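Work through these exercises with the sequence and the model open. Each task is followed by a solution in steps.

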Amino acid sequence: MIGLETIIWIIPLLPIALSFIPILFGGRLPKGGGHVAIASIGVSAILSGIVLLRLPSTPVDYSVTWLLTGSAIPLRVGFYLDHLSALMVNITAWIALLILIYSLEYMGHEEGLGRYWTEMMIFTGSMMGFALADSILLMYVFWELIGACSYLLIGFWYTLPEAAAAAKKAFVVVRVGDVGFFVGFVLIYLYGHTLSLQALLTQPTTTIVSPTLRTTIAILIFVGAIGKSAQLPLYTWLPDAMEGPTTVSALIHSATMVAAGVYLVARLYPFFLAAPHALTVVAWVGALSAFLAATMGLVSTDLKRILAYSTMSQLGYMMTALGVGAYGAAMFHLLNHAIFKALLFLSAGAVLHVLGTRDIRQMGGLLRQMKITSTAFLVGALSLSGIPPFNGFFSKDLILGAAYEYGATSGNYYIYVLTLVSVIFTAAYIFRAFFVGYVLPPTQPRDKPVHEVPAVMSIPMIILMALTLITGWLWSPITNIFQPFVAYSPLIPPTPTAPIALTAVSLIFAITGIGLAYSGYMRSLFDPARLRQGAVGLRLHKLVSSGYYFDAAYAAVAKGLSQGLSLALDFFDRRLIDGAVNGVGYGLTLLGRRVRTVETGRVRNYLAIMVVGIVLIVILVEVL
Amino acid sequence: MITLGEIVALSGILFSGGVYSVLTSRNAVRMLMGIELIFNAANVNFVAYASTTGLAEGLSLAIISISIAAAEAAIGIAIVLLLDKLFKTVDVDKIKELKG
Amino acid sequence: MIVDVAYYIIVLVTLLSVVGFVVTKDIVRAAGLLLVVLACVAAAFAFMNSLLLAMIQLMVYAGAVIVIFLFGVMLTRREAPTSRLRQLASYENLTYLVFAALLFLLILRASAGLTSPLGYAYVSPQLVATSLYVQLRGVVYALAALIGASSIGAIYVVRKEKKQSDGTRGGV
């Protein structure tokens with residue numbers, strides 16, 4: 001059998017190596033070369049499953065020396081295999097496989113399909129490479145690669161101005177975060193003289209000696225995570241990113257790329273633990289993002305945007321978990337969220353595919369004709385709201401419990417309160433989407449026939465539905481396989497457990513949220529539209545639906561900067577440079593006019609000039 | 001004893017007087033007369049050097065110079081006469097253009 | 001001693017004549033003063049022990065060139081005599097005065113460096129002739145050729161013009 005050393009290299013590099021095929025030969029291959037993509041990702045998935053089964057008990061670093069820099073530290077490249085990276089690789093590979101199968105039909109009739117497959121292959125390969133990378137530099141390389149693929153895929157329909165603008169926005173906003181990551185790891189290299197993950201994970205305090213420096217680096221790296229995971233304040237790109245194809249949203253912007261930020265913090269968790277106050281920042285950012293995103297999801301009418309805000313909110317939960325010391329809970333929620341969010345997106349994609357609209361007011365009445373799709377969405381919604389026995393319940397409960405314990409130990413209950421209140425909003429917005437988008441008939445009668453999607457699209461949904469029922473039990477009050485599995489280092493504390501009463505509280509809150517949505521939309525016990533009117537409601541609605549004015553602020557800053565710069569440059573170019581050139585011309589004209597006066601036409605003057613010249617020459621000769 | 005320098009001073013008087021009169025005369029004939037003064041200054045120099053060194057070349061050059069000056073004076077006057085015929089004036093300040 | 005005095009008298013007369021030549025507004029008077037200057041130059045030549053050149057100067061310059069100028073004066077229009085001094089006092093002419101003075105000062109400075117006494121060497125006409133016709137004969141021939149050619153050319157041009165203007169054959 002092939003050894004683990006070889007397998008570990010094949011997993012990320014196979015899709016990348018074969019990625020040139022669809023874009024170059026897609027015209028001749030059926031489905032634009034999609035089978036190549038599915039085959040390569042499938043191989044990577046199977047191999048990562050094998051890796052998971054044959055996991056060594058201690059982490060292993062497979063690396064080779066890549067560049068010999070002049071200093072004593074050569075640059076090594078390679079892959080680091082431990083429980084966490086094995087978990088992440090598997091999540092990425094299997095979910096990518098399901099989504100790619102789904103997109104055989106979903107994207108089947110698109111122009112430029114080869115491009116799609118190629119970009120998806122590079123993305124998946126880079127994501128797996130990111131999960132397995134053994135040095136921060138290599139992580140950064142793959143980090144940038146997945147950002148680039150995200151840009152390309154959001155702007156897949158590049159002729160649409162909204163898509164192009166969204167892709168650009170995504171790239172620029174995430175870039176701002178990337179600067180933080182870059183500065184962070186440069187500091188690690190300068191002060192720690194190493195980029196290797198193993199050094200940072202096993203000896204964080206000796207690699208970087210000064211605690212303030214550790215905190216600074218940790219926060220800078222977290223800024224990178226904020227950008228990629230769409231947390232406050234660098235989140236404005238995620239709702240707009242929904243302009244891309246739904247399969248892209250499913251893979252990149254719910255399950256994998258946005259989880260990269262969470263994975264980054266989790267991967268460097270021993271380092272973060274050794275940096276005082278860094279985790280507090282993480283927790284606050286996570287909690288606030290979770291809360292604000294949940295409110296924004298409640299006022300949106302675009303189905304995919306609701307799901308985008310939901311992603312931001314759930315990522316906030318994961319960051320909160322990491323911040324309060326519940327590393328295990330965070331990773332568990334990452335696993336579960338990947339499954340149920342992909343499920344939700346695939347369902348939304350099916351509706352989009354059939355109806356051609358994203359507006360939930362124009363959808364509806366789908367229960368009879370699109371049974372599988374509607375059931376899928378319902379299952380995903382229940383999981384997201386945290387209703388047992390679906391997987392979301394287990395991981396969310398753990399996070400809330402850890403937040404409570406954190407409040408008990410540190411006295412800071414705000415984190416718990418924020419996450420708890422978000423539960424209501426979460427349930428409310430997702431069931432609002434379900435009721436308005438799937439159950440209730442559309443506001444205008446529809447003329448298009450509605451039919452269920454073909455098996456290629458529904459089977460991945462069914463598989464994901466099954467998974468939501470299964471993965472929850474990996475870590476329940478009864479069984480606990482997950483927690484010991486994923487804690488890869490003795491430095492990581494176990495997730496604190498909370499009293500059972502809290503579980504009941506959060507369940508009640510979740511059901512309340514569902515009930516609110518039900519009574520508002522299904523039973524019309526109160527009119528949600530009325531909330532929007534009235535002075536307070538109007539202001540509030542405007543505040544929330546504009547994304548708390550973050551977008552407007554960023555646009556103003558960008559406009560101001562670019563306008564200011566262009567005004568300055570224009571001034572420089574027109575006044576200074578043109579002025580100089582014109583001035584030279586003008587000056588020469590004046591000079592010519594003066595010099596012309598020598599040509600008088602009078603013989604005497606010419607003679608005089610001669611005499612003067614001779615005299616001057618003689619004087620010069622005398623003097624010198 | 002008269003030094004060579006004093007002869008050269010005489011030549012200098014003639015030379016600068018000639019230059020000045022060439023520059024400040026409006027009459028063309030007067031200009032020509034000034035040019036003759038300049039020639040004479042040169043001749044005095046030649047003879048002075050011949051007298052000092054005893055070489056005959058100084059004198060022969062002076063003779064050649066005189067003959068050339070005479071020829072040039074004749075041609076100059078011819079030109080001035082033509083100028084007078086064409087421009088109806090010999091005022092050099094008024095003769096500014098080649099067309100005529 | 002007397003010889004030196006004679007020289008200084010020559011210089012004085014030359015100076016006065018040159019100044020007068022420049023200042024006078026009547027052109028005929030200017031020609032007369034020019035004659036005086038030429039004669040003084042001849043005297044200077046005599047002073048320097050070369051009677052040969054003094055004779056030649058008088059014959060050619062004082063004899064022929066001055067006549068040419070007089071003819072020139074006669075045959076051209078004279079503008080109404082303006083005050084020469086006023087003309088000389090203009091900015092332009094004052095500038096020229098300055099430069100002429102500068103020139104004179106330069107020459108004086110050069111002459112101050114030449115302190116060797118005048119040799120009064122007598123160069124016999126035989127020596128002059130030898131130098132002219134033996135060593136400098138090239139120049140003499142060229143001059144002769146030039147003057148000859150230009151005379152013939154001038155006659156030809158004049159005859160052609162005369163033929164064009166009145167068609168009859170006039171005597172040369």
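**Exercise 1. The make-up of chain A**

How many helices and how many strands are there in chain A?

Solution. This is a predicted model. Begin with the elements: chain A has 27 helices and two strands. Next, take burial. Of the 624 residues in chain A, 51% are buried. Last, look at sequence separation. Among contacts in chain A with a separation of 6 or more, 79% come from residues 24 or more positions apart.

**Exercise 2. The make-up of chain C**

Describe chain C by its elements, its burial and its contacts.

Solution. Count the elements: seven helices and zero strands. Read from the N terminus, their order is α-α-α-α-α-α-α. Then turn to burial. Chain C has 172 residues, and 26% of them are buried. Now filter the contacts to residues at least 6 apart in sequence. Of these contacts in chain C, 52% join residues at least 24 apart.

**Exercise 3. Helices α4 and α5 of chain A**

Give the angle, the axis distance, the handedness and the residues of this helix pair.

Solution. Two numbers describe a pair of packed helices: the angle between the axes and the distance between them.

- Step 1, geometry. Helix α4 (residues 83-106) of chain A packs against helix α5 (residues 113-132) of chain A at about 165 degrees, and the axes are 8 Å apart.
- Step 2, direction. Angles over 145 degrees count as roughly antiparallel, so α4(A) is roughly antiparallel to α5(A).
- Step 3, handedness. α4(A) and α5(A) cross in a right-handed sense.
- Step 4, residues. α4(A) contributes A:Ser85, A:Met88, A:Val89, A:Thr92, A:Ala93, A:Ala96 and A:Leu100 to the contact. α5(A) contributes A:Met120, A:Thr124, A:Met127, A:Met128, A:Ala131 and A:Leu132.
- Step 5, class. The contact of α4(A) with α5(A) has ten nonpolar residues, three polar and no charged ones.

**Exercise 4. Helices α13 and α17 of chain A**

Is the crossing of α13(A) and α17(A) left-handed or right-handed? Set out the geometry first, then the residues.

Solution.

- Step 1, geometry. Helix α13 (residues 257-267) of chain A and helix α17 (residues 327-355) of chain A cross at roughly 155 degrees, and their axes come within 11 Å.
- Step 2, direction. The two helices, α13(A) and α17(A), are therefore roughly antiparallel.
- Step 3, handedness. The crossing of α13(A) past α17(A) is left-handed.
- Step 4, residues. From α13(A), A:Ala259, A:Val262 and A:Ala266 meet A:Tyr327, A:Ala330, A:Met331, A:Leu334 and A:Ala338 of α17(A).
- Step 5, class. The contact of α13(A) with α17(A) has eight nonpolar residues, no polar and no charged.

**Exercise 5. The nonpolar cores**

Which residues have the most contacts inside the largest nonpolar core?

Solution. The largest nonpolar core has 207 residues. Those with the most contacts inside it are A:Val265, A:Ala330, A:Ala342 and A:Leu343. Take A:Ala330 as the example. Set aside its neighbours within four places in sequence. A:Ala330 is then in contact with A:Val262, A:Ala266, A:Met318, A:Ala321 and A:Leu322. Another core, of 75 residues, lies apart from the largest one. Its members include A:Ala608, B:Leu37, C:Ala30 and C:Val73.

**Exercise 6. Two buried residues**

Why does A:Gly192 count as buried? Work through A:Leu516 in the same way.

Solution. A:Gly192 belongs to helix α7 (residues 161-192) of chain A. The cut-off for a buried residue is 20 or more C-beta neighbours within 10 Å. A:Gly192 counts as buried because it has 22 C-beta neighbours inside 10 Å. Leave out residues up to four places away in sequence, and A:Gly192 touches A:Thr207 and A:Ile208. A:Ile208 is 16 residues from A:Gly192 along the chain, yet their C-alpha atoms are 5.3 Å apart.

Now A:Leu516, which sits in helix α23 (residues 500-522) of chain A. A:Leu516 has 20 C-beta neighbours inside 10 Å, so it counts as buried. Its C-alpha atom is 9.3 Å from that of A:Phe526, ten residues away along the chain.

**Exercise 7. Chain B against chain C**

Which helix of chain B gives the most to the side that touches chain C?

Solution. Start with the totals: 55 residues of chain B contact 67 residues of chain C. On the chain B side, α1 (4-24), α2 (28-53) and α3 (57-87) each supply at least two residues. α1(B) gives the most, with 17 residues. By class, the side of chain B that touches chain C has 35 nonpolar, 15 polar and five charged residues.

How values were computed: Residues are numbered from 1 along each chain as its sequence is written. Chains are lettered from A and ligands numbered from 1 in the order in which they are written. This is a predicted model: local features need pLDDT of at least 70, side-chain atom pairs count only at pLDDT 80 or more; totals for chains, interfaces and linings use all residues. Two residues are in contact if their C-beta atoms, placed from the backbone, lie within 7 Å. Helices (H or I, at least four residues) and strands (E, at least two) are DSSP runs, numbered from the N terminus. Ala, Val, Leu, Ile, Met, Phe, Trp, Tyr, Cys and Pro count as nonpolar, Asp, Glu, Lys and Arg as charged, and the others, Gly among them, as polar. A residue is buried if 20 or more other C-beta atoms lie within 10 Å of its own, exposed if 12 or fewer, and partly exposed in between; C-beta atoms are placed from the backbone. Axes are lines fitted to C-alpha atoms, for helices over the stretch in contact, and angles run from 0 to 180 degrees between N-to-C directions. Angles under 35 degrees count as roughly parallel, over 145 as roughly antiparallel, 65 to 115 as roughly perpendicular and the rest as oblique. A crossing is left-handed if the near helix is turned anticlockwise from the far one by less than a right angle, and right-handed if clockwise. A nonpolar core is a set of buried Ala, Val, Leu, Ile, Met, Phe, Trp, Tyr and Cys residues joined through C-beta atoms within 7 Å.
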